[in-house]
Amino acid sequence: MSLPQPVPPSWKDLGKSSNDLLGKDYPFSTTSLEIKTKSNDVSFKVAGNNSGGAIIGDLEAKYGNRKHGFTLTNTWTTANVLKSQIELENQIAKGLKVDILSSLAPEKGTKTAAINTAFKQSGLHTRASLDVFKGPTFTADAVVGRDGFLLGGEASYDVTGGIITRYAAAIGYNAPEYAVTVHGLNNLRTFSASYYHRVSPDVEAGAKAVYDSKATTGGVALEVGTKVYLDPAAFVKAKINNVGVIALGYTQALRPGVKLGLGLAVDTQKLNQVSPSGPAHKVGASFTFDS
């Protein structure tokens, strides 16, 4: 069961319990398949889905050496994009993690590279990232916590232009059974508030409200949801938003390492309406194999 984190690794993870409750385990937009295998220090993952009508997927291979805090991950996608990530943790200094992330699309001739660092201590998590080819752009964020109170923020700086291109902030409070978070996003133009409550060992509830001060249509977007464990191997989730879309999710562990997820979304305002842009109601499924 998900519990609020005392000090999350990123300011974006403030409110993670509520975001996971409302956003995960609803595979109604696509049908997906994920297979994971592991042998000693090497693991493989194959994932694919039919999002957007086309089948997309990727093949990932990861080598990890815990003794030396080293991890190498290589990914090849069906879009012919090659991705590599090198991670080094707790070797330069205790609590410090450094990773280099790069990607290459040979057909388009595009490439990306970023150098990331993360430092964590009790009550403090900070991160910094340098996007080498975009800008270059330097991004830094931090989260501090004390007695359940959390404060975090992020800022991006365009090195070439000499200007701050993006900033955001968040504040929250975590208790053993509930969490409350407020975010100010998009240069403090969009605001969101979320609430998570572990009602009992088998029942969770949450809500989220979003207000965009620059939106052409006024009002606040609201979403509420719940999660109920039927038994140790199965749970159901349900949520509804302010425009009348009801979503249902069911997840069942068929056996150790094999998980099935089913999702359904129903637009209650279009029960008998045929939409020219596509179906108003959606169904989907996900399969996960982990050995």
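**Close-up views of a predicted model**

**View 1. A nonpolar patch on the surface of this predicted model.** Look for Leu33, Ile35, Val46, Leu59, Trp76, Leu82, Leu104, Phe287 and Phe289: together they make a nonpolar surface patch of about 770 Å². Two strands to pick out here are E1 (31-39) and E19 (282-290), since each supplies at least two residues of the patch. Another member of the patch is Trp76, and you'll find tryptophan 76 in strand E4, which covers residues 70-77.

**View 2. The largest pocket and its centre.** This pocket has a volume of about 650 Å³. How many residues line it? There are 29, and Asn116, Thr117, Arg127, Ser129 and Asp141 are the ones that lie nearest the centre.

**View 3. The strands around the largest pocket.** Six strands are worth tracing: E6 (96-105), E7 (110-121), E8 (124-131), E9 (137-146), E10 (149-158) and E11 (163-174) each give at least two residues to the lining. Which strand gives the largest share? That's E8, with six residues. As for the kinds of residue you meet in the lining, 12 are charged, 12 are polar and five are nonpolar.

**View 4. Proline 176 in its loop.** Follow the chain out of E11 and you get to the loop that holds proline 176, before strand E12 (178-185) begins. Is this proline buried or exposed? Proline 176 counts as exposed because its relative accessibility is 68%, and the cut-off for exposed is over 50%. Now find asparagine 187, 11 residues away along the chain: the C-alpha atoms of proline 176 and asparagine 187 are separated by 31 Å.

Terms used: Residues are numbered from 1 along each chain as its sequence is written. This is a predicted model: local features need pLDDT of at least 70, side-chain atom pairs count only at pLDDT 80 or more; totals for chains, interfaces and linings use all residues. Side-chain values use heavy atoms; hydrogens and water are left out. Patches are made of residues with over 30% relative accessible area and no salt bridge: like charges are joined within 9 Å, nonpolar side chains (Val, Leu, Ile, Met, Phe, Trp, Tyr) within 5 Å. Accessible areas come from the Shrake-Rupley method with a 1.4 Å probe; for residues, only the protein chains shown count as cover. A salt bridge is a side-chain nitrogen of Lys or Arg within 4 Å of a carboxyl oxygen of Asp or Glu. Helices (H or I, at least four residues) and strands (E, at least two) are DSSP runs, numbered from the N terminus. On a 1 Å grid over the protein atoms alone, a cavity is a set of points where a 1.4 Å probe fits but cannot get out, and a pocket is an open set with protein on both sides within 12 Å along at least five of seven lines; lining residues have an atom within 4 Å of a point. Grid points are joined across faces, edges and corners, and a volume is the space filled by probe spheres set on the points. Ala, Val, Leu, Ile, Met, Phe, Trp, Tyr, Cys and Pro count as nonpolar, Asp, Glu, Lys and Arg as charged, and the others, Gly among them, as polar. Buried means under 20% relative accessible area, exposed over 50%, partly exposed in between (1.4 Å probe, protein chains only).
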